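Here is a walk through one protein chain, taken from the inside outwards. Keep the viewer open and click along as you read.

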Amino acid sequence: MIIDFHTHIWNKQLDDVDTFVKGLDEGGIDKACVLPIAPYMSNEDVARLVDKHPDRLIGFASVVPFAQTTGIDRLDPSDELRHAVAELGLKGLKIHPLIQGFKIDDPGLVPLMSTAAELDIPVLLHTGPNMGKAGRSANGKVELIEDLALMCPNTTIVAGHADPLDITTAYMAASMPNVYLEPSISWPKRHEILPKLAAQVIEIAGASKILYGTDFSIGRGHRISDINSMLDECNLSAEDRELIESGNARRLLKI
């Protein structure tokens, strides 16, 4: 089984969920976590997508951690997250420091992160440079995950696109029980230049701290093949490959 921990169905593709699932089939993905980014896509939209393919899609919530970021009147972020999990059945939280305008190590995140711990769900944060809408790349430096993890030791934190070139990345995951790494986009790109880097990060961090993720969306099937090719060249044991491709995700998502 392969569980992709990082995929998107964008708000303009809500009627194309069957096309998205066909892409999963073509890539050999059994289940996919669908990550929205508030306020551009609602948690209700994600829940409706999951309802159409409950055997294939795992919905994550997204909330704007600081309402003043957008100037849009919103519910308290923690209350909004509780509703998304308890009423909509969503299984995790995605927040984006660049697009949503906050810094990963902002102490103001602690109440929301504590709510995620209370609900026993993982939180995936974008790390690294901007890949879409405008935002400050400094907000998403992967090393800032370390401070957040120390402030929120009971919250499971996933560093999305965790840059393997940053020396902090592997050792942070190895030493901090609540930190996991997700390799989409950045790892395959680094692997093209440094073919042994991904294997070294996995060895240092431990396969139990790596979550298979591609950042796949409709029309971007190459992102699945890029991750698969990289993992093939890491010469992993069957046990480590299984942990990365599904075992760790099943444990965190309780599936």
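Start with Leu125. If you skip its neighbours within four places in sequence, Leu125 is in contact with Ile95, Phe102, Ile104, Ile145, Leu148, Ile157, Val158, Ala159 and Gly160. Keep in mind that this is a predicted model. Leu125 also turns up in the largest nonpolar core, which has 65 residues. Phe20, Leu57, Ile95, Leu125, Leu181 and Trp187 are the ones with the most contacts inside that core. Which element gives this core its largest share? That would be helix H8, residues 197-205, with five residues. Apart from this core lies another one, of 13 residues, and Leu124, Val158, Tyr180 and Leu253 are among them. As a general backdrop, nonpolar side chains in soluble globular proteins tend to be buried together.

Now look at two helices from this part of the chain. In helix H4, residues 110-119, the buried residues are Leu112, Met113, Thr115 and Ala116. Looking down the axis of H4, you find these buried residues within an arc of 155 degrees, so they line one face of the helix. The spacing rule behind such patterns is a familiar one: an α-helix has 3.6 residues a turn, so residues three or four places apart point the same way. What do the buried residues of H4 pack against? The list is helix H3 (77-86), strand E4 (93-95), strand E5 (123-126), helix H5 (144-151) and strand E6 (157-160).

H5 can be read in a similar manner. Its buried residues include Leu144, Ile145, Leu148 and Ala149. Seen down the axis of H5, the buried residues fall within an arc of 140 degrees, so they too line one face of their helix. They pack against H4, E5, E6, helix H6 (167-175) and strand E7 (179-182). Two residues of H5, Ile145 and Leu148, are among the contacts of Leu125 that we began with.

Helix H6 is worth a stop of its own, for Thr169 has its place there. Is Thr169 buried or exposed? Its relative accessibility is 0%, so Thr169 counts as buried. Not counting residues up to four places away in sequence, Thr169 touches Val142, Ala162, Asp163 and Leu181. One of these, Leu181, is also listed with the most contacts inside the 65-residue core.

Next, the charged side chains. The count of salt bridges comes to ten. In one of them, Arg48 pairs with Asp45, with the closest N and O atoms 2.6 Å apart. Arg48 and Asp45 are three residues apart in helix H2 (residues 43-52), so about one helical turn separates them. Arg48 is partly exposed, with a relative accessible area of 48%, while Asp45, at 17% relative accessibility, counts as buried because the limit for that is under 20%.

Another salt bridge has a much longer reach along the chain: where do its two partners sit? Lys254 forms a salt bridge with Asp120, and the closest N and O atoms are 3.1 Å apart. Lys254 lies in the segment after helix H10 (238-253) and Asp120 in the loop between H4 and E5, so this pair ties together parts that are 134 residues apart in sequence. Lys254 counts as exposed at 52% relative accessibility, and Asp120 as partly exposed at 45%. Asp120 follows H4 and has a positive phi, near 60 degrees.

Two more items round off the charges. Asp232 and Arg241 meet through their side chains in a salt bridge, at 3.0 Å from N to O; Asp232 is partly exposed, at 48% relative accessibility. Salt bridges with shared partners also join Asp79, Arg82 and Glu118 into one network.

Back in helix H10, have a look at Glu245. Glu245 is buried, with a relative accessible area of 12%. Leaving aside neighbours within four places in sequence, Glu245 is in contact with Met1, Ile2, Ile3 and Tyr212.

Finally, the outside. Leu165, Ile193 and Leu194 make a nonpolar surface patch of about 310 Å². Ile193 is found in helix H7, residues 186-193, and at 68% relative accessibility Ile193 counts as exposed.

How values were computed:
Residues numbered from 1 in each chain as written. Predicted model: local features only at pLDDT ≥ 70, side-chain atom pairs only at ≥ 80, totals over all residues. Heavy atoms only, no water. Patch = residues over 30% accessible without salt bridge, like charges linked within 9 Å, V, L, I, M, F, W, Y side chains within 5 Å. Areas by Shrake-Rupley, 256 points an atom, 1.4 Å probe, with all protein chains shown as cover. Salt bridge = Lys/Arg side-chain N within 4 Å of Asp/Glu carboxyl O. Helix = DSSP H or I, 4+ residues; strand = E, 2+ residues; numbered from the N terminus. Buried < 20%, exposed > 50% of the residue type's maximum accessible area, 1.4 Å probe, protein only. Arc of directions from axis to C-beta. Contact = heavy atoms within 4.5 Å. Core = buried A, V, L, I, M, F, W, Y, C linked by side-chain atoms within 4.5 Å.
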